[in-house]
Amino acid sequence: MSSTKTAETHPAYELLYWPGIPGRGEFIRLAFEAAGVSYKDVANESEDAITSLLSPSSTTPPIFAPPALLVPGAGKHNTPLLLYQTPSILSYIGPKLNLAGADETEKAWILSHTLTALDLNNEAHDTHHPIAVGAYYEEQKEEALKKARDFRENRIPKFLGFFERVLKGNEVEGQSSYLVGEMLSYADTTLWHVLAGLEFAFPKEIASRKKDYPLLFGNFYASVKETKGIAGYLASGRRKPFSMGVFRHYPELDRH
Ligand SMILES: N[C@@H](CCC(=O)N[C@@H](CS)C(=O)NCC(=O)O)C(=O)O
């Protein structure tokens, strides 16, 4: 099946990312999929697109690293708008996709929780690359073992405990489906993806801790997964499986 959905009333959004992995591009995909809004998944159609965009000879404004979002005609004087940095892209598309809360306060909380979920995402990445982003895991394995142990023992419970409290504080009639307010937001889809990634990378650790976070791994996880757009995306087969991206399963880094 094509990774591109047909355009309707929104601009022809183009997501640029590395091909073949969910990676940080997935946070952007999930927002579009949850909202049922069309986007062109350039990463999974043309492997060269992101490479040429990152090249110093590119004629577009420079971007530091993918994901990037191109919005034709949305820049100054009808030029293409080119955005990078996951949270910046999410905060740009969030209101347009109706995923940024009901008012200014909710909008600000949604950004805060998204940044926190992305911090957790980044720390998960650093467990297998604690010393050098550009070096192989095998070259930094000793440090990775120490980093992963601290991540599992201290950081996972700190982050998950925090999000459990956020959900508790947002309970409506004993149910807590979303982090903020009563509507799905891009903070929810972002955190949901990080939880799924943690389960892939650290299955034993998460299995033994799940019971401590009943809201997070209960109603919240199910609510996001069962959102119409997300359920349809998961059923489509277009979501790339976790492999060698941000979330990697090295059994030696998991609990044993
Ligand atoms: N904070 C940035 C991080 C971007 C990032 O690290 N992108 C990865 C792919 S997921 C990359 O290719 N980085 C290359 C580099 O940092 O040199 C974001 O969230 O967009």
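**Note on the ligand site and the enclosed space**

1. The shell around the ligand divides into five nonpolar residues, two polar and one charged. In this count Ala, Val, Leu, Ile, Met, Phe, Trp, Tyr, Cys and Pro are nonpolar, Asp, Glu, Lys and Arg are charged, and the others, Gly among them, are polar. The shell consists of Tyr-17, Trp-18, Arg-24, Ala-65, Pro-66, Pro-67, Gln-85 and Thr-86; a residue is near a molecule if one of its heavy atoms lies within 4 Å of it.

2. The model is predicted: local features need pLDDT of at least 70, side-chain atom pairs count only at pLDDT 80 or more, and totals for chains, interfaces and linings use all residues. Residues are numbered from 1 along each chain as its sequence is written, and side-chain values use heavy atoms, with hydrogens and water left out.

3. Polar contacts of the ligand (pairs of N or O atoms within 3.5 Å) involve both side chains and backbone. An oxygen atom of the ligand lies 2.9 Å from an N or O atom in the side chain of Trp-18, and an oxygen atom of the ligand is 3.2 Å from such an atom in the side chain of Arg-24. At Pro-66, a polar backbone atom is 2.8 Å from a nitrogen atom of the ligand. Taken alone, the ligand exposes 500 Å², and the protein buries 68% of that (Shrake-Rupley method, 1.4 Å probe).

4. Which space does the ligand take? The ligand occupies the largest pocket, where a molecule sits in a pocket if more than half of its atoms lie within 2 Å of its grid points. A pocket is an open set of points on a 1 Å grid over the protein atoms alone, with protein on both sides within 12 Å along at least five of seven lines; lining residues have an atom within 4 Å of a point.

5. The largest pocket has a volume of about 720 Å³, a volume being the space filled by probe spheres set on the points. Of its 26 lining residues, Tyr-17, Arg-24, Pro-66, His-125 and Val-246 are the closest to its centre. Helix 4 gives the most to this lining, with seven residues; helices are DSSP runs (H or I) of at least four residues, numbered from the N terminus. The lining divides into 15 nonpolar, seven polar and four charged residues.

6. The whole structure holds one cavity of 30 Å³ or more; a cavity is a set of points where a 1.4 Å probe fits but cannot get out. The largest cavity contains about 40 Å³ of space. Its lining comprises four nonpolar, four polar and no charged residues, including His-193 and Phe-242.

Definitions and conventions. Helices (H or I, at least four residues) and strands (E, at least two) are DSSP runs, numbered from the N terminus. A polar contact is a pair of N or O atoms within 3.5 Å; within protein, one must be able to donate a hydrogen and the other to accept it, and residues adjacent in sequence count only if both atoms are side-chain atoms.
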